[in-house]
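I opened a fresh page for this one. Plan: look at the annotated spans, then the domains, then how the helices pack.

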Amino acid sequence: MILAVTALAPPASAADVTNDDVTFTNGGVTLHGTVVAPPGGTKLPGLVMIHGSGAHSRDDYRDQAEAFARQGIATLIYDKRTEGYSQFERSYSTLADDALAAVSVLRKRSDVDPARVGVWGLSEGGWVAPLAASRSSDVAFVVTLGANGVEPSRQQAWAVENQFRRLGMDGSLVRMASSTMFRQLAGGGVFPEAHYDPVPVLKSLRQPVLGLWGAKDVLTPPGEAVRIFRESLAYHTLRVFPDAQHQLRRTTDGFDKLPGYAPGYLELVGSWVNHPPAVSSADAPPAQDRPSTSVTPLAWYEPTWLQLAVLVFLLVAFAWYPLFQRGAGARPARWLSATGLLAVLGFLVVDVLIQLSMGKGLGPVVAGRPLPWLALQLLALGTVAATIATAVAWWRNRGLRLGVLLTGGVVFVPWAIYWGLLGV
């Protein structure tokens, strides 16, 4: 597919752009934005910028919009919706309809060529922008930055593992944080769109797509994304910037963000939108130190409600046997009660810290384990030892109180294995 190229007005100077505030609605929600454009233009191409994940205002993309406007592109930036969008609720379908409503605004402007209005999407927007284009022929082209060819859960697990390995962590904590935790979040309904598959949408597109990635991206698996886009899209231009991170900012290792964008990025978008090439082309996929892995749905024996029930049972069972109890079996029982409670409560605290800070707040790392996790693993081993000793005491002097505590110790073992506390 080739877009018709129309003569453009001369490019604006660095400070010579106009800003027109606009509003548009989708599903009863009013969205506010700004069209940044060169003054006096006619038959301009248009570009709607779609946000990455999280809360964003139009100002987050204003510098890029101004750069595109200086290249003769009328660019619409808007404040991302807050209604119906949060950590626990979001719909790519709704976000795509927001973008289409913005496309309609641009197409109606007197200085814009309605046949040359497209969408630009960063990160999460790399799922949303193709979806919007697949729904409407009003979208003439698609530009993506740091887009994924894999499911959100798979991308997020890969990104989290990168963060933990950067901090020197390895082993069972990394596996728990990048796999088990995400599987439970998705199964519990607090990871919306976790298993969205972008490939069918990519295969359905007939508009040209400009896909851009940083070779040092640590949030999106860039090598896999380039391969999937190349194999799925009918008409594509795929480019990789060697010293750029997820947002195509300059970087040394993918984690830091140096001033400025990757050299040539802004100019490439401008030239491609104004003069889209007639044939497809793609850079070689960048190297990844490891592939992403699928985050599978929960099996029948591990639903989130069952995990919560087990957690409550363990807390009750370990608190059942008073620490001051005397008599046969009192010493191992006290140890089981104490170590079990500390292990379970400590795991809850560490789990919250992991989700809030992605491992950065867990302190020094020893042998690939942060000290709090190492302490939890030692407590888990102590709980297993105390369970064995309590089993011997219960066999000699059977009773309900000791039996409930012992049952908690027995249940603790598979629970601790599942969550990595007894893993290497």
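**Annotated spans**

I started with residues 47-147, where the chain is 35% helix and 24% strand and the end C-alpha atoms sit 17 Å apart. The reason for picking that stretch: UniProt, in an unreviewed entry, puts the feature "domain: Serine aminopeptidase S33" there, at residues 47-147. Note to self that this is a predicted model.

Next I pulled the "transmembrane region" annotation, again from an unreviewed UniProt entry, and it covers residues 305-323, 335-354, 374-395 and 402-421. I checked two of these spans against the model. Residues 335-354 come out as 100% helix and 0% strand, with 28 Å between the end C-alpha atoms. Residues 402-421 are 85% helix and 0% strand, and there the end C-alpha atoms are 24 Å apart.

**Domains**

How is the chain divided? I find domain 1 made of 16-169 + 194-280, and domain 2 made of 302-417. Their C-alpha centres lie 47 Å apart. For the contact between the two, I get six residues of domain 1 against eight residues of domain 2.

**α1 with α8**

I then went to helix packing. Helix α1 (residues 62-69) and helix α8 (residues 265-274) pack at an angle of about 50°, their axes 9 Å apart. That angle is why I log α1 and α8 as oblique to each other. The handedness of the α1 and α8 crossing is right-handed.

Which residues of α1 and α8 meet? On the α1 side I list Q64, A67 and F68, and on the α8 side Y265, L266 and V269. By class, the contact of α1 with α8 splits into five nonpolar, one polar and no charged residues.

**α10 with α11**

Helix α10 (residues 330-357) packs with helix α11 (residues 371-396) at an angle of about 150°, and the axes are 8 Å apart. The cut-off for roughly antiparallel is over 145 degrees, so α10 and α11 go down as roughly antiparallel to each other. I have the crossing of α10 and α11 as left-handed.

I wrote out part of the residue list here. From α10 it includes P332, W335, L336, L342, F347 and V350, and from α11 it includes P372, W373, L376, L379 and A393. Among the others are G340 and G346 in α10, with G382 in α11. The contact of α10 with α11 holds 15 nonpolar, seven polar and no charged residues.

**α10 with α12**

α10 also packs with helix α12 (residues 400-418), at an angle of about 40° and with the axes 10 Å apart. Are α10 and α12 oblique, or roughly parallel? Roughly parallel needs an angle under 35 degrees, so I log α10 and α12 as oblique to each other. The crossing of α10 past α12 is left-handed.

For the contact, α10 brings A333, L336, S337, A343, V344 and F347, and α12 brings L402, L405, L406, G409, F412 and W415. The classes in the contact of α10 with α12 are 10 nonpolar, two polar and no charged residues.

One cross-check before closing the page: I looked for L336 and F347 of α10 in both lists, and they turn up in the contact with α11 and in the contact with α12.

Conventions
Residues numbered from 1 in each chain as written. Predicted model: local features only at pLDDT ≥ 70, side-chain atom pairs only at ≥ 80, totals over all residues. Heavy atoms only, no water. Axes fitted to C-alpha atoms, helices over the stretch in contact; angles between N-to-C directions. Helix = DSSP H or I, 4+ residues; strand = E, 2+ residues; numbered from the N terminus. Parallel < 35°, antiparallel > 145°, perpendicular 65-115°, else oblique. Left-handed = near helix turned anticlockwise from the far one by under 90°. Contact = heavy atoms within 4.5 Å. Nonpolar A, V, L, I, M, F, W, Y, C, P; charged D, E, K, R; others polar. UniProt positions renumbered as here; feature names shortened; annotations may be inferred. Domains from an automatic or database assignment.
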